[in-house]
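Open the model in your viewer and keep the selection tool handy. We will go from one residue to another, then step back to look at the whole fold.

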Amino acid sequence: MLPITLLMLVLHAGAIAALFVFSWPAVLSAVVLYWLIGGLGVGIGYHRLLTHRSFKVSKPVEYALTVLGTLALQGGPIWWVVTHRLHHASTDGIDDPHSPRNGRWWSHMGWILHGYTLRHDISNAEQYAPELARDRFQVWMTRYHLVPPVLFGVALFAFGGLPFLMWGLFAGVTLLLHTTWMVNSVTHIWGRRRFETRDDSRNTWWVALLTFGEGWHNNHHAFPATARPGFAWYEVDVNWWCIRAMQMAGLASAVRLTGVDAKATAVNDAG
Ligand SMILES: [Zn+2]
Ligand SMILES: [Zn+2]
């Protein structure tokens, strides 16, 4: 059995076990941590900043967001970025790591259990994430990406005992794994297509709510570089609100908004 499969089994068993140590403070802390890790770490850090460079931050801010991203147990920053840039380079094509055209189960979790990302060659990093491959901190974080989650688990246990550990890490991170994978599976299967992109990407409102805005995925594939894929006022994009707040606080600059005005020229908004 691949180590990744064992890790997934342990995480899912832990998420179920959390039900037996229910406590409201632990659940509320898990909700906050879900946002910190999923919104700031994965959505803003790994995705909009490291993969698409849709805004600029100082190195300390970039590294802090990166460490939050590692807590999601979705792999180190360089491999996450390489996988996602491969997805954009060949969306629903032959080299897409996780297209539903290769099976719905494959696109959601099968590709993870198969250890697909672990099979990346180092030359992939040099080709698809050269700027990260030259950054010693990002290389170190990628190599030791399990260190922050382990320390995080120890801290949770020390702070709130077993309920905080089971809810904050096992339940929260397992839920976040599935909602992140839904962006690969669900938003390439169900939802509305505003833009006639060459892939199967869709805007799926409930995935957007669960992922703080990452579910406006057809908008995202049409305009990957924008920091704000939630184009319309009703397209709730919490990650964009955070980037805007960071911009107003002087923490983010050069925020790219390509495509936000393109809604007016949308080809097809009927789904
Ligand atoms: Zn996609
Ligand atoms: Zn993307």
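Start by selecting Leu113 in this predicted model. Leaving out residues up to four places away in sequence, Leu113 touches Leu2, Ile4, Thr5 and Met8, so add those four to your selection. Leu113 belongs to helix H5, which covers residues 104–113. Is Leu113 buried or exposed? Neither label fits: Leu113 has 15 C-beta neighbours inside 10 Å, and therefore counts as partly exposed. Now draw a distance from Leu113 to Arg136: the two are 23 residues apart along the chain, and their C-alpha atoms are separated by 29 Å.

Stay in helix H5 and pick Gly110, which also lies there. Gly110 counts as partly exposed because it has 16 C-beta neighbours inside 10 Å. Not counting residues up to four places away in sequence, Gly110 touches Gly103 and Trp105. A distance label between the C-alpha atoms of Gly110 and His98 should read 8.5 Å, with their positions twelve residues apart in sequence.

Next, head for the largest nonpolar core, a set of 46 residues. Which of its residues touch the most other members? Select Ile37 and Val81 to see them. The helices that each supply at least two residues of this core are H2 (24–51), H3 (59–70), H4 (77–89), H6 (122–128), H9 (147–184) and H12 (238–248). Colour H9 on its own, since H9 gives the most to this core, with twelve residues. In soluble globular proteins, nonpolar side chains tend to be buried together.

Centre the view on Ile37 for a moment. Setting aside neighbours within four places in sequence, Ile37 is in contact with Val42, Leu68, Leu71, Ala72 and Leu176. Then try a second, separate core of seven residues; among them are Val183, Val186, Val207 and Ala208.

Finally, zoom out and switch to a cartoon view. You should find twelve helices and two strands, running from the N terminus as α-α-β-α-α-α-α-α-α-α-α-α-α-β. The radius of gyration is 18 Å, close to the 18 Å that the globule rule gives for 271 residues, so the protein is as compact as a globular protein of that length. Along the principal axes, its C-alpha trace spans about 55 × 40 × 40 Å. Colour by burial and 46% of the 271 residues will show as buried. As a last stop, bring up a contact map: among contacts between residues at least 6 apart in sequence, 69% join residues at least 24 apart.

Key:
Residues numbered from 1 in each chain as written. Chains lettered and ligands numbered in written order. Predicted model: local features only at pLDDT ≥ 70, side-chain atom pairs only at ≥ 80, totals over all residues. Helix = DSSP H or I, 4+ residues; strand = E, 2+ residues; numbered from the N terminus. Rg over C-alpha atoms; globule rule 2.2 N^0.38 Å. Buried ≥ 20, exposed ≤ 12 C-beta atoms within 10 Å, placed from the backbone. Contact = placed C-beta atoms within 7 Å. Core = buried A, V, L, I, M, F, W, Y, C linked by C-beta atoms within 7 Å.
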